[in-house]
Amino acid sequence: MTRHPKGFAKPTMMDVGRLAGVSQSTVSHVVNRTGKIPEDTEQRVWAAINELGYQPNETARNLRLRRSRTIGLVTDRIASSPFAGRVLVGAQDYAWDNGYLLLLIDSRQDSKIESAAIDSLLSRQVDGMLYAAMSWREVDLPASFAKLPSLLINAWPSARRDYPAIVPDEVAGGRLAAHAVVEAGHRRIAYIGGPQDDPARIEREIGFREELASARVPVDESWILTGDYQISTGHSLTHRLLEAVERPTAIVCGNDRMAVGAITAALECGLRVPRDLSIVGYDDQEQFAAEMHPALTTVSIPHYAMGRAAVERLLDSLHTGQPPLGATIPGELIRRDSVAAPSPV
């Protein structure tokens with residue numbers, strides 16, 4: 001590789017053009033990804049850049065393009081909680097791979113901090129804005145959030161706003177959770193969800209019901225229970241199900257924490273999981289889902305994929321000049337050891 005020796009002037013865009021046999025303006029179009037340049041010409045330019053070791057002046061290029069190559073990301077509690085942290089990793093990975101940096105502010109779900117954070121990021125001339133919530137919920141952000149191309153992650157806007165959002169496909173997740181036990185042969189299936197008005201619970205239960213209907217498995221309404229996503233609730237509600245005259249052979253839980261309570265209750269009732277009772281969780285919480293005994297079959301929330309998709313769509317918007325588009329991202333069924341075929345009666 002030919003490079004300018006130490007002590008010599010750094011190679012310029014003109015040097016690159018001379019070596020590639022093109023004009024300086026053509027080199028500029030290739031480096032800045034502007035205009036339509038024939039593929040063979042572009043390849044010659046990049047070959048010359050590599051041979052000379054030419055490095056574009058990022059500051060000057062960004063000034064010309066009126067870009068800072070930074071993205072502002074405000075979160076509610078993600079940065080201080082490990083559960084949804086992979087949203088940040090996914091966003092950072094895609095931004096970094098495409099020459100952008102993230103400026104992150106964690107608001108601790110304080111509306112005053114959120115407003116100040118958005119104003120602060122705008123004053124630093126970020127190119128776009130993201131807001132990420134730890135739990136899937138409605139958010140009400142100030143109008144200044146939409147001064148730039150912007151997206152929500154794991155949240156949806158209040159009725160008075162209209163921001164595009166990257167969200168998990170909770171209905172599909174509910175279907176996956178139910179499918180794990182339907183596929184194993186269960187037909188007496190209970191569901192323990194979250195709070196009655198929780199949107200994630202509502203959509204996961206819709207998916208659960210759709211999967212059972214598709215498999216022609218009857219739903220026993222007395223086995224559809226609501227909880228609060230806590231271990232203690234999973235424990236008490238499972239005791240209620242197991243102490244009835246007829247009990248289910250499988251329980252789908254609205255999150256992993258309630259599944260922990262369900263497994264504990266089953267053991268206290270003298271049942272073995274999964275031989276006597278199959279249990280499915282939801283979330284794939286890294287702290288314990290894979291470490292339990294038995295390891296928990298569960299549905300993952302696509303945090304990493306949502307972070308990547310948000311930055312990808314934001315950058316697409318910056319390149320095309322069109323508003324960013326939202327998306328619904330499916331999770332994945334994580335098969336472990338807490339599901340088996342029902343025991344013969």
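**A walk through two parallel sheets**

Let us start with a sheet of six strands, which is open and follows the order β2-β1-β3-β4-β5-β11, with parallel pairing. At its edges stand β2 (101-106) and β11 (327-329), and each of these pairs on one side only. Going from one strand to the next, the twist averages 20°. Keep in mind as you look around that this is a predicted model.

A good place to step into this sheet is strand β1, which covers residues 70-75 and has Thr70 in it. On one side, β1 is joined to β2 in the parallel sense by six bridges. If you would like a pair of residues to find on the screen, look for Leu73, which stands opposite Leu104 in β2. β1 also pairs with β3, again in the parallel sense, and here the bridges number five. In this pairing Thr75 stands opposite Ala132 in β3.

From β3 we can move on to β4. These two strands run parallel and are joined by seven bridges. Tyr131 marks a spot along this pairing, standing opposite Leu152 in β4. How much of β3 is covered? Ten of the twelve residues of β3 are buried, so the strand counts as mostly covered.

A helix also belongs in this picture. Helix α5, made of residues 86-97, lies across β1, β2, β3 (128-139) and β4 (150-157). Relative to β2, helix α5 runs at about 155°.

Now let us return to Thr70 for a closer look. Is Thr70 buried or exposed? Its relative accessible area is 12%, and because buried means under 20%, Thr70 counts as buried. Which residues does Thr70 touch, once its neighbours within four places in sequence are left aside? The contacts are Tyr100, Leu101, Leu103, Gln125, Val126, Asp127 and Gly128. For another sense of where Thr70 sits, take Lys10, which is 60 residues away from Thr70 along the chain. The C-alpha atoms of Thr70 and Lys10 are separated by 27 Å.

Our next stop is another sheet. Four strands make up this open sheet, in the order β7-β6-β8-β9, and their pairing is parallel. The edge positions belong to β7 (224-226) and β9 (278-280); each has a single partner strand, so one side of each is left without a neighbour in the sheet. Leaving direction aside, neighbouring strands here are turned by 15° against each other on average.

Between those edges, β6 (residues 189-193) and β8 (residues 250-253) pair in the parallel sense over four bridges. Two residues of β6 help you follow this pairing into β8: the bridge partner of Ile189 is Ala250, and that of Tyr191 is Val252. Packed on this sheet is helix α9 (residues 231-242), which touches β6, β7 and β8. The direction of helix α9 makes about 155° with that of β6.

Strand β8 is worth a pause. Which way do its residues point? Ala250 and Val252 point one way from β8, while Ile251 and Cys253 point the other way, and all are buried. On its way to the sheet edge, β8 also pairs with β9 in the parallel sense, over three bridges. Here Ile251 stands opposite Ile279 in β9.

To finish the tour, we can look for empty space. Rolling a probe the size of a water molecule over the atoms shows where such space is left. How many cavities of 30 Å³ or more are found? The count comes to one. The largest cavity holds about 40 Å³ of space.

You can trace the walls of the largest cavity by picking out its lining residues. They are Pro168, Asp169, Glu170 and Gly173, then Tyr282, then Ser300, Ile301 and Pro302, and finally Ile329, Pro330 and Gly331. Sorted by class, this lining has six nonpolar, three polar and two charged residues.

Technical notes: Residues numbered from 1 in each chain as written. Predicted model: local features only at pLDDT ≥ 70, side-chain atom pairs only at ≥ 80, totals over all residues. Heavy atoms only, no water. Pairing = 2+ DSSP bridges. Axes fitted to C-alpha atoms, helices over the stretch in contact; angles between N-to-C directions. Contact = heavy atoms within 4.5 Å. 1 Å grid on protein atoms, 1.4 Å probe; cavity = no way out; pocket = protein on both sides within 12 Å on 5 of 7 lines; lining within 4 Å. Points joined across faces, edges and corners; volume = space filled by probe spheres on them. Nonpolar A, V, L, I, M, F, W, Y, C, P; charged D, E, K, R; others polar. Buried < 20%, exposed > 50% of the residue type's maximum accessible area, 1.4 Å probe, protein only.
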